Amino acid sequence: VNLAFFERNKNVKVDPIGNGLLKIEVSMMDNVHYISTIFHISFPERVIKHAEGEFKKAPYVKICGQTVQRMKNLIGLNTNRGTGFTEAVIEAVGGKNGCPHLVDHTLEMAKTLIQFIDKSYNFPIGKYIDDAPLMRKKVLEVYPQIKDTCWAYKDGNDHLFTSNIRCGL
């Protein structure tokens with residue numbers, strides 16, 4: 001058995017915790033780290049209402065862990081695209097007084113929100129699963145914010161979705 005010289009795993013979990021509030025947990029584990037963060041996000045506004053982190057394992061747990069106090073600087077930030085979010089996150093929890101992993105966790109949380117369809121529990125995926133062009137069309141109708149976030153949802157790529165394209169869900 002070959003063991004990897006380095007391996008990193010990330011996990012993201014989203015749960016509704018109240019009317020218009022999501023709890024997003026991001027964790028990362030690798031050979032030298034185990035870091036977890038929790039965010040409470042207003043939805044659909046996508047504003048950070050609560051942010052906390054914990055270093056369970058790190059090269060210098062007691063030193064690296066001091067950076068989680070900077071998570072409070074994220075409160076009030078809007079995660080919507082085009083708002084200067086990435087720069088604000090780097091300033092809030094990154095740089096020489098912060099931790100790049102906390103930046104990464106926060107950006108991972110925001111990426112998850114882009115892909116999170118708030119009406120997903122009512123979205124009849126089974127109805128469209130065998131018709132990828134229709135699935136794409138319906139996803140864009142239900143969740144227009146996903147437009148231009150990737151190649152599959154790029155504006156103008158409708159022609160790629162021919163009858164032989166299948167959903168991978």
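1. A quick definition before we look at the helix in point 3: a residue is called buried when its relative accessible area is under 20%, and exposed when that value is over 50%. Please keep in mind throughout that this is a predicted model.

2. Now the overall layout. The protein has four strands and five helices, and along the sequence they run β-β-β-β-α-α-α-α-α. Its C-alpha atoms fill a box of roughly 55 × 45 × 30 Å along the principal axes. Of the 169 residues, 33% count as buried. Among contacts between residues at least 6 apart in sequence, 44% join residues at least 24 apart.

3. Helix α2, residues 85-93, is a nice place to start. Its buried residues are F85, V89, A92 and V93. Viewed down the axis of α2, these buried residues fall within an arc of 70°, so they line one face of the helix. The general background is that an α-helix has 3.6 residues a turn, so residues three or four places apart point the same way.

4. What does the face of α2 turned away from its buried side carry? You will find the exposed residues E87 and E91 there. On the buried side, the cover includes β4 (48-57) and α3 (100-115). Just after α2, G95 takes a positive phi of about 70°.

5. The largest nonpolar core puts α2 in context. This core has 25 residues, and those touching the most other members are F39, I48, L74, V93 and M109. Elements giving two or more residues to the core are β2 (21-30), β3 (34-42), β4, α2 and α3. The largest share, five residues, comes from α3. As a general remark, nonpolar side chains tend to be buried together in soluble globular proteins.

6. L74 deserves a look of its own. Leaving aside neighbours within four places in sequence, L74 is in contact with F39, I48, A51, V89, A92, V93 and T106. Of these partners, V89, A92 and V93 are also among the buried residues of α2.

7. Do not overlook the second core, which is separate and has seven residues. Its members include Y128, L140, I146 and Y153.

8. Finally, the surface and the charges. The protein exposes about 10500 Å², with carbon and sulfur atoms supplying 53% of that area. How far apart are the mean positions of the 22 positive and 18 negative charges? The two mean positions are 2 Å apart.

Technical notes
Residues are numbered from 1 along each chain as its sequence is written. This is a predicted model: local features need pLDDT of at least 70, side-chain atom pairs count only at pLDDT 80 or more; totals for chains, interfaces and linings use all residues. Side-chain values use heavy atoms; hydrogens and water are left out. Buried means under 20% relative accessible area, exposed over 50%, partly exposed in between (1.4 Å probe, protein chains only). Contact means heavy atoms within 4.5 Å. Accessible areas come from the Shrake-Rupley method with a 1.4 Å probe; for residues, only the protein chains shown count as cover. Lys and Arg count as positive and Asp and Glu as negative; His and the chain ends are not counted. The place of a charge is taken as NZ of Lys, CZ of Arg, CG of Asp or CD of Glu. The arc is that of the directions from the helix axis to the C-beta atoms. A nonpolar core is a set of buried Ala, Val, Leu, Ile, Met, Phe, Trp, Tyr and Cys residues joined through side-chain atoms within 4.5 Å.
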